[in-house]
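This report describes one protein model, from the whole chain down to a single residue. Please keep the sequence and the structure in view while reading.

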Amino acid sequence: MKTCTDILLIVLLVSACASAPEKGIPYNDFPVTEQLSGQTVPLDTAIFRFPYRIRVQGDTVAILDLHASEHFIQLFHYPDFSYIASLGRRGDSPEDMLSAENLRWDGNSLWTLDANKSQLTRYGLSLSGDSLLREEVVSLDKEILRALDFVVYDDSTFIVPDYSGESRFCWVNRKGKLLRKMGEIPSANEEALMQARPALAQAWRSFIDYNPRNGVLAAVTQLGEVLEIYNLKDSTHVVRIGPHGEPKFKVAEGYGIPTGIMGFCDVQVTDSAIYAVFQGRTFKDIAEAAQKGDMTDGGRYVYVYVFSLEGEPLRKYGLDHVVYSVFIDKLDKIIIAMDVNMDSPILLFSS
């Protein structure tokens, strides 16, 4: 369970601790706060090591196990969570996966990202409709630095975060070729922007999601407390900065050591709002807890933003479990979340 702390040893070239005015619109609180209690979902099979992402499409649930020993992806029926199949076998053969960073539904197809192979793989429904088969592999352009997330923009295009520091996102076609780049890191650290963009880009690692129905692409920072809203239909861009500010770090012996907080864990763009899981623990608190044997990982808050151009905060849910990933079922007003610290990790929260 080292996902949150993997970035502690990123090699950086510059300190981002300079106190400069934040770029973007600050927010301090939410007009509504609601406490939710989760109900554990019993599973008839599958043992997860680190259930990292949950995606639901119709009556099928796909769960990505980040540290899986055999298969990275487990499929279940929804909403009863009965087991369907396992896919994305871990191994060294050409059809196996070395790693799994994220997965996305695109109609009846499921795409997954293998950062170690720099590949996107598509699984499609079998003729019987009860399993998914490996049907397409897209090798990413060598100009794209190690991709850690992606979204499906349309039938021919993916969007991938840019870790070169030259921009915020890369647009990639169905053959993996880099088409163009978009945006820039909204940091107030002008020195880093001028002299060490790759280092800054890694500190600004973000989780992303895209909704093709409203054209909204959202990015939330793993460090600090920054939400970016890109409306790809009208080309507007809004940056909202919470009380903890942008990602903070310092350089010690050539390594970038975060000095602020662990921020967001996951984000989902629905038709009417952005849901983001927020942790908010300082690295000092995390280190002190680890010394006492407490390796709890995840966030206790789900922030909700409306889709206005201003990106105003709408509601904050406080959860009675520490979760890492969420899926919002708006029809039943249910938040499906996963607690990586539990043997039965799937939880239902009714809002």
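Helices (H or I, at least four residues) and strands (E, at least two) are DSSP runs, numbered from the N terminus. The model is predicted: local features need pLDDT of at least 70 and side-chain atom pairs pLDDT 80 or more, whereas totals for chains, interfaces and linings use all residues. Residues are numbered from 1 along each chain as its sequence is written, and side-chain values use heavy atoms, with hydrogens and water left out.

The protein chain holds 3 helices and 28 strands. Of its 351 residues, 56% are buried, that is, under 20% relative accessible area with a 1.4 Å probe, counting protein chains only.

One open sheet has 4 strands in the order 4-5-6-7, paired in the antiparallel sense; two strands pair if DSSP finds at least two bridges between them. Strands 4 and 7 each have a single partner strand, so one side of each lacks a neighbour in the sheet. The table gives the residue ranges of these two edge strands.

| Edge strand | Residues |
|---|---|
| Strand 4 | 51-57 |
| Strand 7 | 83-89 |

Within this sheet, strand 5 (residues 60-65) and strand 6 (residues 71-77) form an antiparallel pair over 5 bridges. Val61 stands opposite Phe76 in strand 6.

Elsewhere, Asn214 sits in the loop between strand 16 (206-211) and strand 17 (216-221). Is Asn214 buried or exposed? Asn214 is buried, because its relative accessible area is 16%. A polar atom of the Asn214 side chain lies 3.1 Å from the backbone oxygen of Thr270.

Definitions and conventions
Buried means under 20% relative accessible area, exposed over 50%, partly exposed in between (1.4 Å probe, protein chains only). A polar contact is a pair of N or O atoms within 3.5 Å; within protein, one must be able to donate a hydrogen and the other to accept it, and residues adjacent in sequence count only if both atoms are side-chain atoms.
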